[in-house]
Amino acid sequence: MPAPADLYKISTTPELLAQSFVTYLRAMGINVPIAATVVFHEALGAIGVQERNNVYWAGRTTLLSQPSDIPTYDEAFRTFWEGSMKLEIKEDTPTKEFIQVGNEEVELEENSEDRMAQDNVISLKYSPSEILKNKDFALYSEEELNEVYDLMKSIESIGGTRQSRRKITTSKQSVHPNLKKMVRSSFKTGGEPIKRHFIQHGEKTRNVVFLLDISGSMDSYARALLRFIQAAVIGRRRVEAFTLGTRLTRVTKELSNRDLDVALSRASQSIPDWSGGTRIGDSLANFVNNWGQRGMGRGSTIVILSDGWDRGDSEIMTEQMGRLSRLSHQIIWMNPLKASPGYEPLAQGMAAAIPFIDHFIEGHSLESLSDLAELLTE
Amino acid sequence: MELFVPKDVGQVQAGLKDHGYFASEGLASAIFLSLTLKRPLFLEGEPGVGKTEVAKVLSSWLQTELIRLQCYEGLDASQAMYEWDYSRQLLHLRASEASGRATEIDEKTLEDELYDERFLVKRPLLQAIDSQGRTSPVLLIDEIDRADDEFEAFLLEILSDYSITIPEIGSFTASVPPIVVITSNRTRDVHDALKRRCLYHWVEHPGYEREIEIIKTKAPDVAPKLVKQIAAVVEQMREMSLYKPPGVSESIDWALALDRLGSRNLNEEAILSTIGALLKYHEDQQKVKGKDLNQVLQNAYARAG
């Protein structure tokens, strides 16, 4: 927690002042790289410190790198430079219980490896045992969740490919000649380009966007699915992750930490509406407006993990799913409830979404996750 | 070659204004710092807020060359830095062969001839570094978020050393670094390593007063009263949570469209017949049509005075 602003203000030289302001910003939660402090100091030298606005903009252009940090910066600037002393430091949000890892982690790992070794079933490469394979996520204990995390990581086939605009050399004959290589090789034949070389379009992994419903009704599944998404985010490039609840939160950066505990605790701190209500339609609208339409959704595979209980207007749902399906390559909806006997997609949100979904699959067990992996590879 | 260094933020604001760009104080400060600290300027913001225009106006203000690199998926070194003119190289080879020169000179000499600067096609990044102008050029790297992340790696090296090495010839190094403006619509996050080398500014939609100034400059024939009403209506539309709120370039198009149809005073009919210049989504148009347009107009009349 940052100390009161006047404690920093004792120092008077510009270097120290610049440094203490950066320290203060960091304490407020803005990630400022070290090099930026140096540039900030140079900027102050160039622009002068007499005018309040000059100092403000010098800091904003040199120390920030994303628009979401601007409000925090404004507040820090007020308290630090203008000494208004109205400090409202947010306490660290208490970490959710579900991220705890038992001390017997090592033991568990050994145990699971052991079981892996015994397992010679080839149909499912990750499966340690039939029991875990089909067990409903809602029935897992915390220890078991940590145990299956390794298995989630091994479901690595996530991601189909599409043609890239980038050209690569090929040994096959194609319509595009590789002139660079032909000139080079023609030296050997006295300037006669005898051997032909070709290039062709390369391949690129398709974007995958996970939209995880974290409302109250999804609680027992969300903790397992979030682990799965984290494994996907660190497993390959071009994966984005968002949570849907009463609002939309982007958690890609938080989840990209390789340490599961750190990743989960960062993600849960950044999600303000964990286990709250559901307004999937509105959150989807937010996603399409601010991310999907601008590029993230174009040609991507969208994976929605939700039970489809939506308290919002079903017309919004229909409209937004329509937009999403026009933007994306395919939409996969994983619904944990689908596994229950006699399930019909009657929930208002689910019914509205069905016409736009390419694949409607279960999402309650490890086996269903591997089904997803297969779909994504297609 | 020399690099112009402005005196203060005010000079930047005034200089850009003379060339028809109304920069906010924040943007002017960012440009001032970018020129004095000789660092690339990274501009991010909604489409249509005037990011690309910054580079164009900078080059006309500083009377220097504008070199533009439009990014797209698959952009690679041969399109961004340099490429050998293979067809001319092949021609040269065949010509040497035909005249019998190829047998007289050794292979090494022939190769050196082929990889001479005259067969080099310079692309924007090399052009900017190798610029022979009197003042350092403005290098605009437009919509970097459209290029793939492999391309950012090239840029990292170039933006830190301002030098490009061509194995067959040697290194090109800029005597004075070019003024670099990078823009992004934020369709994806650009890598932090690249941002760290730049000064960052988030470009906002202009406020009511500044929008009036901009439209007046870009569309000088439009009636002043109409301009004010347009700015007031656009301001309200940006609050309507549309799929794509209109940007400045759309406001200008709209003003031109209204003027062409002979409007002097904004009314419901005029809005409906020209709405395609302003809103590019069917759903957005429906939404605006569904609102109480009369109320929007009354607000606009009151605001425009």
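This report covers a predicted model with chains A and B.

## Chain A: make-up and domains

Chain A has 378 residues, and 38% of them count as buried. Its secondary structure comes to 16 helices and nine strands. Among contacts between residues at least 6 apart in sequence, 74% join residues at least 24 apart.

The domain assignment splits chain A into domain 1 (5-81), domain 2 (166-203) and domain 3 (208-377). Taken over C-alpha atoms, the centres of domain 2 and domain 3 of chain A are 45 Å apart.

## The A-B interface

Chain B brings 37 residues into contact with 35 residues of chain A. On the chain B side, the elements giving two or more residues are α2 (25-37), α5 (86-98), α7 (107-114), α10 (192-196) and β9 (199-203). Of these, α2(B) gives the most, with eight residues.

The class make-up of this side of chain B is mixed. Nonpolar residues number 14, charged residues 14 and polar residues nine.

## Nonpolar cores

The largest nonpolar core holds 100 residues. B:Val181, B:Ile215 and B:Ile230 have the most contacts inside it. Helix α12 (residues 224-237) of chain B supplies the largest share of this core, eight residues. Beyond four places in sequence, B:Ile230 contacts B:Ile215, B:Ser251, B:Trp254, B:Ala255 and B:Leu266.

Another core, of 60 residues, lies apart from the largest one. Its members include A:Leu212, A:Val233, A:Ile280 and A:Met321.

## Strand β7 of chain A

Strand β7(A) spans residues 301-305. Five of its five residues are buried, so the strand is largely enclosed by the rest of the structure. Both faces are covered. A:Thr301, A:Val303 and A:Leu305 lie on one side. A:Ile302 and A:Ile304 lie on the other.

β7(A) has parallel pairings with two strands, β4(A) and β8(A). With β4(A) (residues 208-213), it forms five bridges, and A:Val208 stands opposite A:Thr301. With β8(A) (residues 330-335), it also forms five bridges. There, A:Leu305 has A:Met334 as its bridge partner. Helix α14 (residues 314-327) of chain A joins β7(A) and β8(A) in a right-handed β-α-β unit.

## Antiparallel pairings

Chain A also has an open sheet of three strands, in the order β1-β3-β2, with antiparallel pairing. Its edge strands are β1 (161-170) and β2 (176-177), each of which pairs on one side only. Two bridges join β2(A) to β3(A) (residues 198-205). A:His176 has A:Ile199 of β3(A) as its bridge partner.

In chain B, strands β6 (residues 163-166) and β7 (residues 170-173) pair in the antiparallel sense over four bridges. A hairpin of three residues joins β6(B) to β7(B). B:Ile164 stands opposite B:Phe172 in this pairing.

## A buried loop glycine

A:Gly245 sits in the loop between β5 (239-244) and β6 (248-250) of chain A. Although A:Gly245 is in a loop, the residue counts as buried because it has 24 C-beta neighbours inside 10 Å, where 20 or more are needed.

Leaving out residues up to four places away in sequence, A:Gly245 touches A:Ile214, A:Ser215, A:Asp273, A:Gly276, A:Thr278 and A:Ser283. A:Ser275 is 30 residues from A:Gly245 in sequence, with 7.8 Å between their C-alpha atoms.

## Positive phi in chain B loops

B:Gln63 is not a glycine, yet has a positive phi of about 50 degrees. The residue is found in the loop between α3 (51-61) and β2 (66-70) of chain B. B:Gln63 is exposed, with 10 other C-beta atoms within 10 Å.

B:Ser241 is another residue other than glycine with a positive phi, near 45 degrees. Its place is the loop between α12 and α13 (248-260) of chain B. B:Ser241 counts as exposed, because its 12 C-beta neighbours inside 10 Å fit the limit of 12 or fewer.

Technical notes:
Residues are numbered from 1 along each chain as its sequence is written. Chains are lettered from A and ligands numbered from 1 in the order in which they are written. This is a predicted model: local features need pLDDT of at least 70, side-chain atom pairs count only at pLDDT 80 or more; totals for chains, interfaces and linings use all residues. Two residues are in contact if their C-beta atoms, placed from the backbone, lie within 7 Å. Ala, Val, Leu, Ile, Met, Phe, Trp, Tyr, Cys and Pro count as nonpolar, Asp, Glu, Lys and Arg as charged, and the others, Gly among them, as polar. Domain bounds come from an automatic or database domain assignment. A nonpolar core is a set of buried Ala, Val, Leu, Ile, Met, Phe, Trp, Tyr and Cys residues joined through C-beta atoms within 7 Å. Two strands pair if DSSP finds at least two bridges between them. A crossover is right-handed if, with the strands pointing away from the viewer, the path from the first strand over the helix to the second runs clockwise.
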